[in-house]
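Here is a short report on how one chain is packed. Start with the sequence and the fold, then read on.

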Amino acid sequence: MDDRSPDALERLAEAVEALPDNVPLRLQLAEAHLAVADYDAARVHYQEALSRGAGASAGLGLARVFYEQGMYMHAPGALDQALVLYESLLDDREGAAKANLMIALILHERGEIGEARERYAKAIAADPYLSDP
């Protein structure tokens with residue numbers, strides 16, 4: 001299923017409405033909203049997934065919402081929010097490598113090249129197959 005089509009988004013939203021405690025389904029809906037740059041809807045579903053006990057994937061997704069809002073929409077404070085969220089995931093085995101990678105990108109954007117390199121090295125050391133978003 002192409003999660004980017006309006007029909008697919010509508011079907012996912014209906015499924016989440018029918019099964020609100022289904023966290024994987026809610027995460028799929030959040031990711032679909034993020035893929036079409038519907039940041040407000042993506043944020044709501046990532047936050048709801050987190051409140052229902054979702055792990056690092058929801059935290060990474062929520063941080064990604066703020067990252068994209070900061071990078072592409074120049075939303076004030078969004079990169080700072082993304083940075084805080086990514087840093088909160090550094091102790092999580094599932095999310096630490098990706099969090100370090102995204103922190104490196106934010107630091108690079110801010111001109112903090114040395115620290116960005118260190119974070120990138122940590123990310124790749126933890127997951128050599130990790131790729132840039």
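Helices are DSSP runs of H or I, at least four residues long, and they are numbered from the N terminus. By that numbering, H74 lies in the loop between α4 and α5. The model is a predicted one.

**Two loop residues with positive phi**

Most residues other than glycine have a negative phi. H74 departs from this, with phi near 55°, a positive value. H74 has a relative accessible area of 65%, over the 50% cut-off, so H74 is exposed.

A37 also has a positive phi, near 60°, and is not a glycine. This residue is found in the loop between α2 and α3. A37 has a relative accessible area of 41%, so A37 counts as partly exposed.

| Residue | Loop | Phi | Relative accessible area |
|---|---|---|---|
| A37 | between α2 and α3 | near 60° | 41% |
| H74 | between α4 and α5 | near 55° | 65% |

**The nonpolar cores**

The largest nonpolar core holds 29 residues. Y46, Y67, Y86 and I106 have the most contacts inside this core. At least two residues of this core come from each of α2 (23-35), α3 (39-51), α4 (56-72), α5 (78-88) and α6 (96-109). The largest share, nine residues, is supplied by α4.

What does Y86 touch, leaving aside residues up to four places away in sequence? Its partners are L60, A63, R64, Y67, A99, M102, I103 and I106. Another core lies apart from the largest one. This other core has six residues, including L12, V16, L25 and L29.

**α2 against α3**

The axes of α2 and α3 are 8 Å apart, and the two helices pack at an angle of about 160°. Angles over 145 degrees count as roughly antiparallel, so α2 and α3 are roughly antiparallel to each other. The crossing of α2 past α3 is left-handed.

On the α2 side, the contact is made by V23, R26, L27, L29, A30, E31, H33 and L34. On the α3 side, Y39, A41, A42, H45, Y46, E48 and A49 take part. By type, the residues of this contact are 10 nonpolar, two polar and three charged.

A30 deserves a separate look. A30 sits in helix α2. Is A30 buried or exposed? A30 has a relative accessible area of 0%, so A30 is buried. Not counting residues up to four places away in sequence, A30 touches A42, H45 and Y46. A30 and A13 are 17 residues apart in sequence, and their C-alpha atoms are 9.5 Å apart in space.

**α6 against α7**

Helix α7 covers residues 113-126. At what angle do α6 and α7 pack? The angle is about 160°, with axes 8 Å apart. The angle is over 145 degrees, so α6 and α7 are roughly antiparallel to each other. α6 passes α7 in a left-handed crossing.

From α6, the contact draws on A97, N100, L101, I103, A104, L107 and H108. From α7 come I113, E115, A116, R119, Y120, K122, A123 and A126. The residues of this contact divide into 10 nonpolar, two polar and three charged.

Conventions:
Residues are numbered from 1 along each chain as its sequence is written. This is a predicted model: local features need pLDDT of at least 70, side-chain atom pairs count only at pLDDT 80 or more; totals for chains, interfaces and linings use all residues. Side-chain values use heavy atoms; hydrogens and water are left out. A nonpolar core is a set of buried Ala, Val, Leu, Ile, Met, Phe, Trp, Tyr and Cys residues joined through side-chain atoms within 4.5 Å. Buried means under 20% relative accessible area, exposed over 50%, partly exposed in between (1.4 Å probe, protein chains only). Contact means heavy atoms within 4.5 Å. Axes are lines fitted to C-alpha atoms, for helices over the stretch in contact, and angles run from 0 to 180 degrees between N-to-C directions. Angles under 35 degrees count as roughly parallel, over 145 as roughly antiparallel, 65 to 115 as roughly perpendicular and the rest as oblique. A crossing is left-handed if the near helix is turned anticlockwise from the far one by less than a right angle, and right-handed if clockwise. Ala, Val, Leu, Ile, Met, Phe, Trp, Tyr, Cys and Pro count as nonpolar, Asp, Glu, Lys and Arg as charged, and the others, Gly among them, as polar.
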